[in-house]
Amino acid sequence: MDEPLLHSLALTTLGLLLGLCVIFARYAGRAGVPLALAFLLIGMAAGSDGLGGIYFEDYPLAYHLGTTALVVILFDGGINTRLRSVKEVLLPASLLATLGVLLTAGGLALAARLVGLPWEVGCLLGAVVSSTDAAAVFALLRGAGLRLRRRVAATIEAESGLNDPMAVLLTVAVTGYLSGEATGIGGAALGILVQLGGGALGGLLLGRAGRWLLDRLTVPAAGLVPALAIALAMVAYGLPSLLGGSGFLAVYVAGMILGDGNLPHRAVILRVLDAGAWFCQVSMFLMLGLLVFPSRLGEAALPGLALALLLAFVVRPLAVHLCLLPFAYTAREKVFVSWVGLRGAVPIVLAILPVLAGVPEGEKVFDLVFFVVVVGSLVPGAVVAAAARRLGMESGEPAPAKAVLEFSSLGRIRGDIVSFTVAPPSAVCGAALRDIPFPEGSAVMLIVRGEELVVPKGKTELREGDHVHVFLRPEDAPLLHLLFGRPEEG
Amino acid sequence: MRLSELLPASQIRIGLRASSKREAIEELVSLLPLPGGNGAAEVVRAVLERESVLSTGIGRGVAVPHGKTEAVPRLMASLATCPGGLAFEAVDGEPCRILFLLVSHPDESGPHIRALAQVARVLNQEKAKRALAEARSPEEIVAVFREDERREGL
């Protein structure tokens, strides 16, 4: 086939597969299967051994696309992470993200030895699957209508955001060792410190710089702002990596710093990044599914299953309990944190590295990793909501209501427009607007009642279920929260 | 509206005994002059219902639990200080040292809201807040509100 046709065919196939994934998403959520896994399975079904018969074995391309997708996903994760809640759990999360990863990798290497795999395979495998992915956990909990207690949620979220760099560094170190570019333990340890420190510092500086730019920049079209945010994500990964820091850590930290506080154009940036992260998720898992050869998996099935079980029931709980020993977590919290160590795309992308480096055991490890990730996500994922309920990890707070209207500004504006849903216990429910003592410089702008827009007049009474849009100055927020309750989320 | 009139010394407690949010609200409600001494449980329920929307621990050591219920005939208030600080799930995670309870009849939303705004305004002043937190008698607390009313010309 010639070129214009070839490209058309590729786009058609890709579009159909992506669309199929999106359509299937709702059924996956209902069945308690992590969405990512569903995409992976669709990729496998479309692949060379499956119904689709699409042959894809381009490991370098898969690595590039996978890493790029991870950059967007991590940046989106960082920007949606509340810096304040991370600060509360920074020490335990950092310990889990460093020592915890090391313990998991070591433990899994031992476990691999137990099930009769050679040391090389075990060490590689341990390093590759040592990082966790919290996105799947939160998606599943949201699907089940559950909200976790704040500290537990913050711990697993921060752990998963921070632990990818360590897994990358370990994988690179082991791969280097196995392909004959050994640096020695001391050199490797020093390298890891430099990478983590450089990554954190780079992310911090670039996040600040991005914020500085966004605070001052005026753009001719609204769509350019998120484009700038994505550009920042790329630089936040690339530049620190070029200078010897960890790009994954840098991009996550940069996202967190950028998203902290009063980010200009927040609504449009978050919306575009959300879409971008979803697109990357779907594409990445599809591609990884295509890259797997189910016919080759048979050999990996038994040891893979054994390792997934050992990881979930022995290695991960041990690592978590050891890391959390100095902190005041309850026994139930530790059990829950142990249980939700779901593995995501990072291990599968990392598993490509040894294949690329020509490590003899590379492909075998790739198949094993695939098995460990899939089994290790299916089982805990299926019962994560039940586990949260059983262990009493639910937050007493109701989920914030969703806003029905959204305002975003192109330029820089002082003051915020915040919306509230009027609930019966709120002080303002049933009150006329003229009775609400708004501070100077704050006022109700608009009320959405059912499908109608209501013009706010002095005599307008607020009713249960009204969405009230309030213009407020930041210093008046505490009073308005007291009167109106919890703000809606966009 | 004068908070000093809403808050006689008998409805003020220096040094809260409670050790949890629920106990604190129960203790604050026990200070109210409920008609016939009935309905405390219903008032506590109404206040906790409002807490479930969003904690009224508005930050910097202040909480203003409130609610609307038919168990009270009119707007009522009580206040307690807690020198050691009490975990109240405040928005900034800080322990609360001043707790101001306001409950009203559901038909009285106007006065209820005005009183809330008044409380928020007074407790937003660092000096008044310090004087309240360090007060050694209910009378000193009332004096802080009187002083504010004098200055505001209320």
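Which residues make a nonpolar surface patch of about 430 Å²? In this predicted model, the patch is built from Leu99(A), Leu102(A), Leu103(A), Leu322(A) and Leu325(A). Helix α5 of chain A, residues 90–114, supplies the largest share, with 3 residues. Leu103(A) sits in helix α5 of chain A. Its relative accessible area is 30%, so Leu103(A) counts as partly exposed.

**A helix pair in chain A**

Two packed helices are described by the angle between their axes and the distance between the axes. Take helix α6 (residues 119–128) and helix α18 (residues 362–390), both of chain A. Their axes come within 10 Å and cross at roughly 45 degrees. Therefore α6(A) is oblique to α18(A). The crossing of α6(A) past α18(A) is right-handed.

**Positive phi in chain B**

Most residues other than glycine have a negative phi. Arg60(B) has a positive phi. Glu89(B) has a positive value too. The table gives the angle for each residue.

| Residue | Phi | Loop in chain B |
|---|---|---|
| Arg60(B) | near 50 degrees | between β2 (57–59) and β3 (62–63) |
| Glu89(B) | near 55 degrees | between β5 (76–86) and β6 (96–104) |

Is Glu89(B) buried or exposed? Glu89(B) is exposed, because its relative accessible area is 55%, and the cut-off for exposed is over 50%. This residue belongs to the loop between β5 and β6 of chain B. Arg60(B), in turn, lies in the loop that links β2 to β3 of chain B.

How values were computed
Residues numbered from 1 in each chain as written. Chains lettered and ligands numbered in written order. Predicted model: local features only at pLDDT ≥ 70, side-chain atom pairs only at ≥ 80, totals over all residues. Heavy atoms only, no water. Patch = residues over 30% accessible without salt bridge, like charges linked within 9 Å, V, L, I, M, F, W, Y side chains within 5 Å. Areas by Shrake-Rupley, 256 points an atom, 1.4 Å probe, with all protein chains shown as cover. Salt bridge = Lys/Arg side-chain N within 4 Å of Asp/Glu carboxyl O. Helix = DSSP H or I, 4+ residues; strand = E, 2+ residues; numbered from the N terminus. Buried < 20%, exposed > 50% of the residue type's maximum accessible area, 1.4 Å probe, protein only. Axes fitted to C-alpha atoms, helices over the stretch in contact; angles between N-to-C directions. Parallel < 35°, antiparallel > 145°, perpendicular 65-115°, else oblique. Left-handed = near helix turned anticlockwise from the far one by under 90°.
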